[in-house]
Amino acid sequence: MASLADSCGGNMEDNMRQTEWKKWAASFLGIATILALVLIVWFFLFYTRGPEKQITRDVGVENIAAPTGILKIAFLDVGQGDAILVIGPDGTTVLFDGGPDRTLLARLGEVLPFWQHSIDMIVITNPDKDHIAGFVPLLQTMNVGAVLEPGTSSVSATYHTLKDDIVLAQKENGTKTLIARKGTRFPIGDGAEIDILFPDRDVSGWKTNDGSIIARVVYASTSVLLTGDATKKTESLLGALDPVDILKVGHHGSRTSTGESFVSQLTPKWAVISAGFQNKYGHPHQETLNTLKKFDVTPLITSEKGTIIFTSDGRTFSEPTFIRTNIPISKNR
């Protein structure tokens, strides 16, 4: 009996030692996992920035995005407005327009890494609220290297608030302000660049849509044309144009943009329309959709597809992918 008791006692001690060891091992593994995650984040923050970029030197921001060798363009689903994020092959980030409200921040969170805290440049293609309102909270939460504007202005309270925030960003973060002019090029890595096609003159006295910035994003043999709210009048001022793979349709698909002669020159495969669901303007207008159909262009509408993402390796663009969300978009959504 004594030997049996001794045996049981010994087994209990062994079991207790094993239990303590397992607890110690579990604690060690937990701590090791946390340290590994910290090291991974630290690595991405400090060692995946890639070589210094020309646009970085110009605007004073060192982006933390990692070089990928891939051009990525995300047409963000911000409701009745425009917001287009361009991520260059070296990680340079350029944001064309900010949409009608702070929905922009939620959409950026779906396509940028969680540690991203800066944008190299924001582009105000025109100063209407549906293109700029989202920039107000953006400037309050992220470091912006430069602001590119067309030269037109607005009397709206939103515009004046944004201008005040830009001045504050200049003082606190060294944000630079630039006026777009034809011929200006912004390198975004691996030979890719953003080429400004319009304005080609002083448009300070123009209507905001007529004075919209038009830019071509080029990576080797692939390209995208971004048109803001440019009208048919503005399209006619561009002269001869090279074909593109993707056209961002002007003014949310309004009949005032995207003329037949314009589309016939560009011969895009896809046309992206940024418009809110059942918006009060009836965008996109049927006339615009008919023009795209006539030239065998596939329309992609954010109100139907959500955020629309293309990637290019410099040879071809991938088929688009989509991000749908149940987050409310805006009162026009």
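Me: In this predicted model, is Asp 82 buried or exposed?

Reply: Burial is read from the relative accessible area, and a residue under 20% counts as buried. Asp 82 has a relative accessible area of 1%, so this residue is buried.

Me: Which side chain does Asp 82 meet in a salt bridge?

Reply: The partner is Lys 248, with an N to O distance of 2.7 Å. The two residues come from distant parts of the chain, 166 residues apart. Lys 248 belongs to strand S11 (residues 246-248), while Asp 82 sits in the loop between strand S1 (71-75) and strand S2 (84-87). Lys 248 likewise counts as buried, at 1% relative accessibility.

Me: How many salt bridges does a search of the whole structure find?

Reply: The search finds 11 salt bridges. One of them joins the side chains of Arg 185 and Glu 193, at 3.1 Å from N to O. Arg 185 also meets Asp 195, at 3.7 Å from N to O. In this second pair, Arg 185 lies in strand S7 (residues 185-189) and Asp 195 in strand S8 (residues 192-198), 10 residues apart. Through shared partners, Arg 185, Glu 193 and Asp 195 form one network.

Me: Which accessibility values do the residues of this network have?

Reply: Arg 185 is partly exposed at 47% relative accessibility, and Glu 193 is partly exposed at 24%. Asp 195, with a relative accessible area of 12%, is buried.

Me: How should one read the burial pattern of a helix, and which residues of H9 are buried?

Reply: The general idea rests on helix geometry. An α-helix has 3.6 residues a turn, so residues three or four places apart point the same way. In H9 (residues 286-294), the buried residues are Thr 288, Thr 291 and Leu 292. Viewed down the axis of H9, they fall within an arc of 95°, and therefore line one face of the helix. The face turned away from the buried side carries the exposed residues Lys 293 and Lys 294.

Me: What covers the buried residues of H9, and what follows just after the helix?

Reply: The cover includes helix H8 (260-266), strand S12 (270-273) and strand S13 (298-301). Just after H9, Asp 296 adopts a positive phi of about 60°.

Me: Where is the pLDDT below 50?

Reply: The chain average should be read first. The protein chain averages a pLDDT of 87, and 77% of the residues score at least 70. Over residues 1-9 the pLDDT is below 50, and this stretch has 0 contacts beyond near neighbours in sequence. Residues 42-54 also have a pLDDT below 50, but that stretch has 23 such contacts in the model.

Terms used: Residues numbered from 1 in each chain as written. Predicted model: local features only at pLDDT ≥ 70, side-chain atom pairs only at ≥ 80, totals over all residues. Heavy atoms only, no water. pLDDT = per-residue confidence, 0-100. Contact = heavy atoms within 4.5 Å. Buried < 20%, exposed > 50% of the residue type's maximum accessible area, 1.4 Å probe, protein only. Helix = DSSP H or I, 4+ residues; strand = E, 2+ residues; numbered from the N terminus. Arc of directions from axis to C-beta. Salt bridge = Lys/Arg side-chain N within 4 Å of Asp/Glu carboxyl O.
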